[in-house]
Amino acid sequence: RPPRAPPNAVFGCTPLSGLVLSCSQSSTGATSYLWNWGDSTTTSGANPGDHTYASDISPVTVTLQVTGPGGTGQVSHQYTLIL
């Protein structure tokens with residue numbers, strides 16, 4: 001049996017007013033998801049919903065780490081928050 005490919009982490013966020021990021025992911029091969037919001041908080045789950053920051057710490061780096069039968073994948077993107 002050939003080894004399984006590691007999952008592919010894919011996501012994008014849209015900055016909304018009020019220091020909110022609205023994110024969605026379209027990762028493949030993943031069974032668990034860990035979002036690191038760049039403000040010392042994390043969330044698990046495929047669809048975390050909107051994340052609100054306590055203050056403007058722009059730019060923020062959001063990281064999604066995915067795990068699946070083939071291992072782990074990770075991707076990060078940087079965003080500027082909107083007051």
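Trainee: What area does the protein chain expose, and what percentage of it do carbon and sulfur atoms supply?

Mentor: The model is predicted, and the values discussed here are computed from it. The exposed area of the protein chain comes to about 4700 Å². Within that area, the share supplied by carbon and sulfur atoms is 50%.

Trainee: What percentage of the residues of the protein chain count as buried?

Mentor: Buried here means a relative accessible area under 20%. The protein chain has 83 residues, and the part that counts as buried is 30%.

Trainee: What are the dimensions of the box that the C-alpha atoms fill?

Mentor: The box is taken along the principal axes of the protein chain. Its dimensions are roughly 50 × 15 × 15 Å.

Trainee: How many helices and how many strands does the protein chain have?

Mentor: From the N terminus on, the elements run β-β-β-β-β-β-β. The count is accordingly zero helices and seven strands.

Trainee: Which strands form the open sheet of three strands, and in what order?

Mentor: The pairing in this sheet is antiparallel. Its edge strands, each pairing on one side only, are S1 (11-16) and S5 (50-52). Neighbouring strands are turned by 25 degrees against each other on average, direction ignored. Read across the sheet, the order is S1-S2-S5.

Trainee: Which residue in S5 is the bridge partner of Ser22?

Mentor: Strand S2 covers residues 20-25 and runs antiparallel to S5, with three bridges joining the two. Ser22 has its bridge partner in S5, and that residue is Asp50.

Trainee: What is the order of strands in the open sheet of four strands?

Mentor: This sheet also has antiparallel pairing. Strand S4 (42-44) and strand S7 (71-79) are its edges, each pairing on one side only. The twist from one strand to the next averages 15 degrees. The order is S4-S3-S6-S7.

Trainee: Which residue in S7 is the bridge partner of Val66?

Mentor: Strand S6 spans residues 60-68 and pairs with S7 in the antiparallel sense over nine bridges. For Val66, the bridge partner in S7 is Gly73.

Trainee: Why is the pair of Phe11 and Trp35 edge-to-face?

Mentor: A pair of aromatic rings is described by the distance of the centres and the angle of the planes. Ring centres within 6.5 Å make a pair, and planes over 60 degrees apart count as edge-to-face. The centres of Phe11 and Trp35 are 5.3 Å apart with their planes at 75 degrees, so the pair is edge-to-face.

Trainee: How many residues apart are Phe11 and Trp35?

Mentor: Phe11 lies in strand S1, and Trp35 lies in strand S3 (residues 32-36). The pair links distant parts of the chain, and the separation is 24 residues.

Trainee: Is the pair formed by Trp35 and Trp37 stacked or edge-to-face?

Mentor: Planes under 30 degrees apart count as stacked. The rings of Trp35 and Trp37 lie 5.5 Å centre to centre, with 10 degrees between the planes. This aromatic pair is therefore stacked.

Trainee: Which residues form one aromatic cluster?

Mentor: The count comes to two aromatic pairs. Phe11 is buried, with a relative accessible area of 8%. Trp35 is buried at 0%, and Trp37 is buried at 1%. The one cluster is formed by Phe11, Trp35 and Trp37.

Trainee: Among contacts between residues at least 6 apart in sequence, what percentage join residues at least 24 apart?

Mentor: Contact here means heavy atoms within 4.5 Å. Among these contacts in the protein chain, the percentage joining residues at least 24 apart is 53%.

How values were computed. Residues are numbered from 1 along each chain as its sequence is written. This is a predicted model: local features need pLDDT of at least 70, side-chain atom pairs count only at pLDDT 80 or more; totals for chains, interfaces and linings use all residues. Side-chain values use heavy atoms; hydrogens and water are left out. Two strands pair if DSSP finds at least two bridges between them. Axes are lines fitted to C-alpha atoms, for helices over the stretch in contact, and angles run from 0 to 180 degrees between N-to-C directions. Buried means under 20% relative accessible area, exposed over 50%, partly exposed in between (1.4 Å probe, protein chains only). Accessible areas come from the Shrake-Rupley method with a 1.4 Å probe; for residues, only the protein chains shown count as cover. Rings of Phe, Tyr and Trp (its six-membered ring) pair if their centres lie within 6.5 Å; planes under 30 degrees apart count as stacked, over 60 as edge-to-face and the rest as tilted.
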